[in-house]
Amino acid sequence: MVLMIIMASATKISLQLLDWTPSRMRTVEAEQLITVAAAAVLAGIVMYMANRRIRSKRSGGDLPPGTMGCLPIIGETLEYARPNCSLMPGAFLNHRIQRYGVLFKSHLFGEAIIISTDAKVNQFILQKEGTLFKSSYPRSILNIIGKQNTTEIHGQTHKAVRNAVLNVVGTRIRSDKTFSFISAQILKKMETWGGRIIHLQEEATRLSFNLVINQLLSLSTTEHAAEVDYLFQNFEILVDGLLRVPINLPGMPYRRSMQARSNVIKMIERIISEKRSKPDREISDVLDALLAAEGSTVTREVSIDVMVGVIFAAYETTSSIFTFATKFITDNPRVLEALKEEHSSILNQTACATKVALTWDSYKLMTFTEKVVKETLRLANAGDVVFREAIEDVKVNGYTIPKGWKVMPCFIPTHMDAYKYLDPLSFNPWRWDQEHLGNADFMPFGGGIRQCAGKELAKLEVALFIHHLVTRCRWEQVEEDEVIRSRGAKFKKGLPLYFHECNVSRMGDIDL
Ligand code: HEM
């Protein structure tokens, strides 16, 4: 038990280095420094135990090459977590790929781990979910997100939960109501941008939160403004705690994060009680669908953890794609022109040019936009790694991944592979016209039976965001900003943009 706590502490300390975004940038508190020192001392004490633990995990066959780091528990997490000021793979991955090849071992987040940076191996691992591998995320993340969230449930439970999400998100996606709702949320945000400098990263985070909270819980920013604000504030604190020392003492960020998790859960429980008090209600959101699926496999705890996990996974990722798409469009006037052309032509094709409630049919006409979204997903790669565990010894590329070892398929190197993507750092949506890339070369939403259940919704939201951006707004970047790649890609200053105008008066039938 002590070992587990120390492992978790050490992991959080190193993850803290990831925390470079403006909203979350903090000085290291005195308590945390004390914890660092304490963890270092205790880490020495448990070195022997840790080494034994790692050794005991090695079974027959050849492990991939690699190093486990000099520090027990922490292993190589500090090097891995060092922020990289580019969208290209950072020094940690580069050095190891050059030295060991595409498959190598390491020791991250308190656990022995094998990292795969190869497109085909990643695809193989994801496709063998449930037979050779199972989803299994680091304990430090699960303590806050929930031990029964989608990544940790398997078999029938996972199937039932996935169906519940897909049934709602999938069936809703084509409806005019969804198009209207997404557009209204985007325009409500854009309405406040005209004539001022905004930090797009922050605005996009709030926007994507508003969107997902409606799909999952039917909370709207008009009718349930207070609840949405409350959940957003608590989620921001909850996420902040993912990068902190897990000491549950007053004043510590971890305590605040655990408190925020408990606030979120209380709110979800309250919403569940309200829903339960209306027995004949229809299934109108993901929570309804989960409640309907509850039974022997899907328990109330699963429903709640799944809600927390999906809200977190959906809003952080989508907001990053809103932000990077805007940045890439800003930097590439040719792309902006092509987008303007596509979207004004779509507007002209609607019966009345003032009617802007787009439909599934108009979305299908956004063929260039689709490439812009793909190219953004390739470069900004919001879901850059996933975690699995070997169920049995697995032979891969002549090496053995021993049973019980964590495996981390990492997508950045394949998305930036110069052999597959010519001039990989350049934002070139036209590349998707020419290059015939296999599925394995482009996996922004993962793959196999756990492929992102919200991918179509996310792509639609980004396309509609681009539509309103290029048809209504005129903007420029007012200050240089730097990319920081750590947990996903972010902008150091939050991407400050000046919006000369955002013409949201052309609302058509959208009810703001
Ligand atoms: C650009 C935005 C998004 C990206 C890049 C993204 C990425 C991913 C990735 C890589 C996974 C696989 C995780 C794994 O294999 O361990 C995943 C799973 C998932 N995502 Fe997304 N996601 C996005 C948006 C969304 C949205 C908007 C929703 C909301 C409905 C959502 C819901 C889910 C769910 C429920 C899973 C778990 C699927 C399962 O286990 O069967 N995602 N996502």
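1. A good place to start is the ligand: 26 residues surround it, and the closest are Ala314, Gly383, Gly446, Cys452 and Gly454. Four elements each give two or more residues to this shell, namely helix 8 (155-172), helix 10 (200-217), helix 14 (300-331) and helix 20 (455-472). Please keep in mind as you read that this is a predicted model.

2. Which helix gives the most to the shell around the ligand? That is helix 14, with 6 residues. By residue type, the shell holds 15 nonpolar, 9 polar and 2 charged residues.

3. Stepping back to the whole chain, you will find 20 helices and 12 strands in the protein. Of its 512 residues, 46% are buried. Among contacts with a separation of 6 or more, 76% are between residues 24 or more positions apart.

4. Helix 8, already met in the ligand shell, also packs with helix 13 (residues 286-293): their axes come within 8 Å and cross at roughly 145°. The crossing of helix 8 past helix 13 is right-handed.

5. Which residues of helix 8 and helix 13 meet? From helix 8 come Ala160, Val161, Ala164, Val165, Asn167, Val168 and Val169, and from helix 13 come Val286, Ala289, Leu290 and Ala293. This contact has 10 nonpolar residues, 1 polar and no charged. As you look along such a list, it may help to know that an α-helix has 3.6 residues a turn, so residues three or four places apart point the same way.

6. Is Asp288 in helix 13 buried or exposed? Asp288 is buried, and so are Val286, Leu287, Ala289 and Leu290 of that helix. The cover over the buried residues of helix 13 includes helix 8, helix 10, helix 12 (253-276) and helix 14. Helix 8, helix 10 and helix 14 also appear among the elements that give two or more residues to the ligand shell.

7. Helix 20, another contributor to that shell, packs with helix 15 (residues 333-349) at an angle of about 95°, and the two axes are 9 Å apart. Angles of 65 to 115 degrees count as roughly perpendicular, and helix 15 and helix 20 are therefore roughly perpendicular to each other. On the helix 15 side the contact is made by Leu336, Leu339, Lys340, His343, Ser344 and Leu347, and on the helix 20 side by Ile466, His467, Val470 and Thr471. The residues of this contact divide into 5 nonpolar, 4 polar and 1 charged.

Key. Residues numbered from 1 in each chain as written. Predicted model: local features only at pLDDT ≥ 70, side-chain atom pairs only at ≥ 80, totals over all residues. Near = placed C-beta within 6 Å. Nonpolar A, V, L, I, M, F, W, Y, C, P; charged D, E, K, R; others polar. Axes fitted to C-alpha atoms, helices over the stretch in contact; angles between N-to-C directions. Left-handed = near helix turned anticlockwise from the far one by under 90°. Contact = placed C-beta atoms within 7 Å. Parallel < 35°, antiparallel > 145°, perpendicular 65-115°, else oblique. Buried ≥ 20, exposed ≤ 12 C-beta atoms within 10 Å, placed from the backbone.
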